[in-house]
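Please look through the chain shown below, first as a whole and then element by element, before reading the account that accompanies it.

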Amino acid sequence: MASRDRNPGGSLDSVSMAIIEQLQEDGRRSYAAIGKAVGLSEAAVRQRVQRLLDQGVMQIVAVTDPLTVGYHRQAMVGMRVEGDIEPVADILATMDEVDYVVITAGSFDLIAELVCEDDDHLLEIINKRIRAIPGVRSTESFVYLKLRKQTYTWGTR
């Protein structure tokens with residue numbers, strides 16, 4: 001088990017962070033194996049994991065490669081918005097093709113990641129749906145050519 005002193009959120013103890021690290025390495029790792037690694041019983045690990053899930057600290061999900069399940073175009077779209085940003089972010093968050101929405105400071109007010117079937121689908125989402133949202137003043141698209149790195153292990157460092 002890696003010992004870490006930093007805890008940016010301040011709400012997790014070292015054992016909970018160690019459990020999260022174990023699950024980030026292998027989301028299917030058994031409670032018994034996690035318990036052995038962090039020094040708790042299987043039941044105690046089960047309780048802590050459930051508490052972390054209930055508190056929204058983490059999720060346990062299957063992460064797919066979009067290319068292998070029929071989505072051949074990914075893009076990041078930066079948007080400049082007039083007026084209140086949050087209603088635009090809320091609309092984006094309801095779109096099935098959008099898997100990531102952030103309110104930002106800088107050149108863009110919002111950034112969203114889109115996962116689409118192909119270029120025609122991407123064009124339809126940007127041109128017909130995103131640009132039609134009231135308040136969206138402009139968009140800039142960043143089409144993914146190749147994914148070099150994607151990790152989910154940043155949560156406890």
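What follows moves from the overall fold to the nonpolar cores and then to one helix.

The coordinates are those of a predicted model, and the chain in it has 5 helices and 4 strands. Read along the sequence, these elements follow the pattern α-α-α-β-α-β-β-α-β. The radius of gyration of the chain is 19 Å, well over the 15 Å that the globule rule gives for 157 residues, so the chain is more spread out than a compact globule. The C-alpha trace spans about 55 × 35 × 25 Å along its principal axes. Buried residues make up 32% of the 157 residues, and the chain exposes about 10,400 Å², of which carbon and sulfur atoms supply 48%. Among the contacts with a separation of 6 or more, 62% come from residues 24 or more positions apart.

In soluble globular proteins, nonpolar side chains tend to be buried together. The largest nonpolar core of this model has 20 residues, and the members that touch the most others are Met79, Val88, Leu92, Leu110, Leu114 and Ile130. At least two residues of this core come from each of β1 (73-81), α4 (86-94), β3 (110-116) and α5 (119-130). Leu92 may serve as an example: leaving aside residues up to four places away in sequence, Leu92 touches Met79, Val98, Val101, Leu110, Ile130 and Ile133. A second core, separate from the one just described, has 13 residues, including Leu12, Ala18, Ile19 and Val45.

Which residues of helix α2 (residues 31-38) are buried? They are Ile34, Gly35 and Val38, and because they cover an arc of only 100° around the axis, they lie on the same side of α2. An α-helix has 3.6 residues a turn, so residues three or four places apart point the same way. The cover over the buried residues of α2 includes α1 (14-25) and α3 (42-54). Just after α2, Gly39 takes a positive phi of about 85°.

Ala33, which also lies in helix α2, offers a contrast to these buried positions: its relative accessibility is 33%, and because buried means under 20% and exposed over 50%, Ala33 counts as partly exposed. Between Ala33 and Val45 there are 9.7 Å in space, C-alpha to C-alpha, with the two residues 12 apart in sequence; Val45 is one of the residues of the second core.

Notes
Residues are numbered from 1 along each chain as its sequence is written. This is a predicted model: local features need pLDDT of at least 70, side-chain atom pairs count only at pLDDT 80 or more; totals for chains, interfaces and linings use all residues. Side-chain values use heavy atoms; hydrogens and water are left out. A nonpolar core is a set of buried Ala, Val, Leu, Ile, Met, Phe, Trp, Tyr and Cys residues joined through side-chain atoms within 4.5 Å. Buried means under 20% relative accessible area, exposed over 50%, partly exposed in between (1.4 Å probe, protein chains only). Contact means heavy atoms within 4.5 Å. The arc is that of the directions from the helix axis to the C-beta atoms. The radius of gyration is taken over C-alpha atoms; the globule rule is 2.2 Å times the number of residues to the power 0.38. Accessible areas come from the Shrake-Rupley method with a 1.4 Å probe; for residues, only the protein chains shown count as cover.
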